[in-house]
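Here is an informal walk through one protein model, written for someone who would rather look at residues than at statistics. Keep the viewer open and click along.

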Amino acid sequence: MAEMQKQETKRGELRNTYELQDLDLTQQRQEGQALRELLEQRERTVTTLQAGLTSAQQTRAALEAEMKSEMRSQLTQGEQRELNELNEESRNIREELIKVTESRSRSEGAQNEIKEQINANLNKRRNEFNIELTTINTKEGQMELDRVQGELSSVEGNLEAVTKKMKQLNEAVDTQSKHVEDLKNDIENAKQEEHQQSTRMTDESKNMEKLMNKRSVLIQKREDCTKRIRELGTLPSEAVEKYRRSTARELMTALHEVNVGLREYAHVNKKALDQYVSFTDQREVLIKRKQDLDEGTDAIDELIRVLDAKKDEAIRRTFKGVAKNFAEVFKELVPEGHGKITILRSGDSRRSEVEEGDEEEVEGKGKGKAKAKPKARDISDVMTYVGVSVEVSFDESPQTHFMQQLSGGQKSLVALALIFAIQRADPAPFYLFDEIDSALDPNYRKAVADMIKAQSKHAQFIMTTFKPELVEVSKKWYGISHRNDTSSINPITKAEALQQVDKQGESSTSRKRGFEDSEDTDTTTTTASE
């Protein structure tokens, strides 16, 4: 019974040992698989290195063939393209070498790790298996042990094969690395040779450039000599026959004697004919330019005359309209009177034919009779105009008075008549009047107010007044107050405006001085507009 328990105990231990060995075997299989994958990766690396080596060898052969070829002054397009391809291939080989070196480093690191694992795990487990095998006596344990030993032997064989393969691979890597180093040395030598060839090519290019410059100078010199020979003209046949058999020395001697003889005529201007031709051409150009300038001056003078004529005609036409309107306006303001305006010339106090003609046409139109047109006159007469003369009469008598003979109110009325006449000829958008009726008589104030009311259909009038006539015809009223050194403007009604005007009219003091001294003074601004 005790013996059976011992066998059962050993059997359980063997089972546990078998399970552990089975687990270790699985791990060994995984490690073997990893080694096989690493081996395949190394083989691919070797293949890549061999391809790179083959390409490098071809490049080296091409470079050696190029080095043996004859040196030319410059590369052809195909050679330049091949040189670029070689530089690109050299760069690719360097990059491939760097990758192979990194791959080799990783492979060596993996190999060291595998060796450590073999030494740390497999050898240790093999020793444990050997110790346990000595303790197993049962048939089942022996069979299991044989199977495990077979698997172990298989794993060890695979491991040995992998190790051998890795050793071969390392040797191949070392060989490829050596070849790569040789290729690097060859590439460096080829680069040095290429640099030397480039230096020689640069020197040859510089020499070639110097020769080309020298050739250009000689060609230019030859062209100058040819030009001088052409300028000399064709030599007579006698001279050709005479000097045909002469040597160059004899010709140079004869040429020297001729040059010595020509020195006697050194004072003669050899460029006189060329200068004459040049100056003649310049003279013709200047004459043509003068003609163009004269034509331009005549055209400008003609334009100035036309513009002056238009300007003078506009002045006459405008004055004619203003004079006609002045007579009509003055007749409306002073029904029993009449007035006219004339242009004064320098040094002549009498009226010119222009003013008389205008006056006749205005009077004829007023009487409904047709008058003859004014005679034609020189347009330069406008330059003699120096002013305007105003002649009016406030009654039916034919005698007229000048402005210097009128009173202040009459002068104001004449000035307003002239303003209204200009307005009818050339209207403005608005007019600003400041107490224009202060010096007028009541009947004239009423006439002015009626005219402003009629004219307000075409323009706006802004007025200040102290008289009721303008207030009556206005459409908008504003009161201006002055208190405590401050002025204010307020809209008011017509009744308030008339009341304020009446209040101011009753004041015994002067209007302006009263406004300056009073604490509460009002003026009325009236606006007549459409």
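A residue is called buried here when its relative accessible area is under 20%, exposed when it is over 50%, and partly exposed in between. Keep that cut-off handy, and keep in mind that this is a predicted model.

**The overall picture**

The protein chain has 530 residues, and 27% of them count as buried. Its secondary structure comes to twelve helices and eight strands. The accessible surface of the protein chain is about 37300 Å², with 53% of that belonging to carbon and sulfur atoms. Now for contacts: among those in the protein chain with a separation of 6 or more, 73% are between residues 24 or more positions apart.

**Two backbone oddities**

Most residues other than glycine have a negative phi. E435 goes the other way, with a positive phi of about 50° although it is not a glycine. You'll find E435 in the loop between β4 (430–434) and α9. Its relative accessible area is 18%, so E435 counts as buried.

D485 is another non-glycine residue with a positive phi, this time about 60°. It sits in the loop between β6 (476–483) and β7 (486–492). Is D485 buried or exposed? D485 has 72% relative accessibility, so it counts as exposed.

**Strand β2 and the loop after it**

S389 is a good spot to zoom in on, as part of strand β2 (residues 385–393). S389 is buried because its relative accessible area is just 8%, below the 20% cut-off. Which residues does S389 touch, leaving aside those up to four places away in sequence? They are K340, I341, T342, L344 and F402.

Move on to the loop between β2 and β3 (401–402), and you reach S397. With a relative accessible area of 28%, S397 is partly exposed. The C-alpha atoms of S397 and E336 are 9.2 Å apart, while 61 residues separate the two along the chain.

**Salt bridges**

Side chains of opposite charge can pair when their charged atoms come close. The count for this model comes to nine salt bridges. Three of them are set out here, with the distance between the closest N and O atoms.

| Salt bridge | Closest N and O atoms |
|---|---|
| E193 with R200 | 3.7 Å |
| R424 with E328 | 3.9 Å |
| R445 with E469 | 3.1 Å |

Start with the salt bridge between E193 and R200. R200 shows 36% relative accessibility, so it counts as partly exposed.

Next comes the salt bridge between R424 and E328. This pair links distant parts of the chain, with R424 in helix α8 (residues 408–425) and E328 in helix α6 (residues 272–333), 96 residues apart. R424 is partly exposed because its relative accessibility is 29%. E328 has 32% relative accessibility, so it is partly exposed too.

The R445 and E469 salt bridge also links distant parts of the chain: R445 is in helix α9 (residues 442–455) and E469 in helix α10 (residues 468–473), 24 residues apart. Are R445 and E469 buried or exposed? R445 is buried, and so is E469.

There is a network to look at as well. Salt bridges with shared partners join K324, E328, E332 and R424 into one network.

**Patches on the surface**

Finally, turn to the outside of the model. Four residues, V258, L262, Y265 and V268, form a nonpolar patch on the surface, and together they have about 380 Å² of accessible area. L262 belongs to helix α5 (residues 248–262). It counts as partly exposed because its relative accessibility is 47%.

Which residues gather in a patch of negative charge on the surface? They are D292, E295, D298 and D301. D292 lies in helix α6, the helix that also holds E328. With a relative accessible area of 43%, D292 is partly exposed.

Note on methods. Residues are numbered from 1 along each chain as its sequence is written. This is a predicted model: local features need pLDDT of at least 70, side-chain atom pairs count only at pLDDT 80 or more; totals for chains, interfaces and linings use all residues. Side-chain values use heavy atoms; hydrogens and water are left out. Helices (H or I, at least four residues) and strands (E, at least two) are DSSP runs, numbered from the N terminus. Buried means under 20% relative accessible area, exposed over 50%, partly exposed in between (1.4 Å probe, protein chains only). Contact means heavy atoms within 4.5 Å. Accessible areas come from the Shrake-Rupley method with a 1.4 Å probe; for residues, only the protein chains shown count as cover. Patches are made of residues with over 30% relative accessible area and no salt bridge: like charges are joined within 9 Å, nonpolar side chains (Val, Leu, Ile, Met, Phe, Trp, Tyr) within 5 Å. A salt bridge is a side-chain nitrogen of Lys or Arg within 4 Å of a carboxyl oxygen of Asp or Glu. Lys and Arg count as positive and Asp and Glu as negative; His and the chain ends are not counted. The place of a charge is taken as NZ of Lys, CZ of Arg, CG of Asp or CD of Glu.
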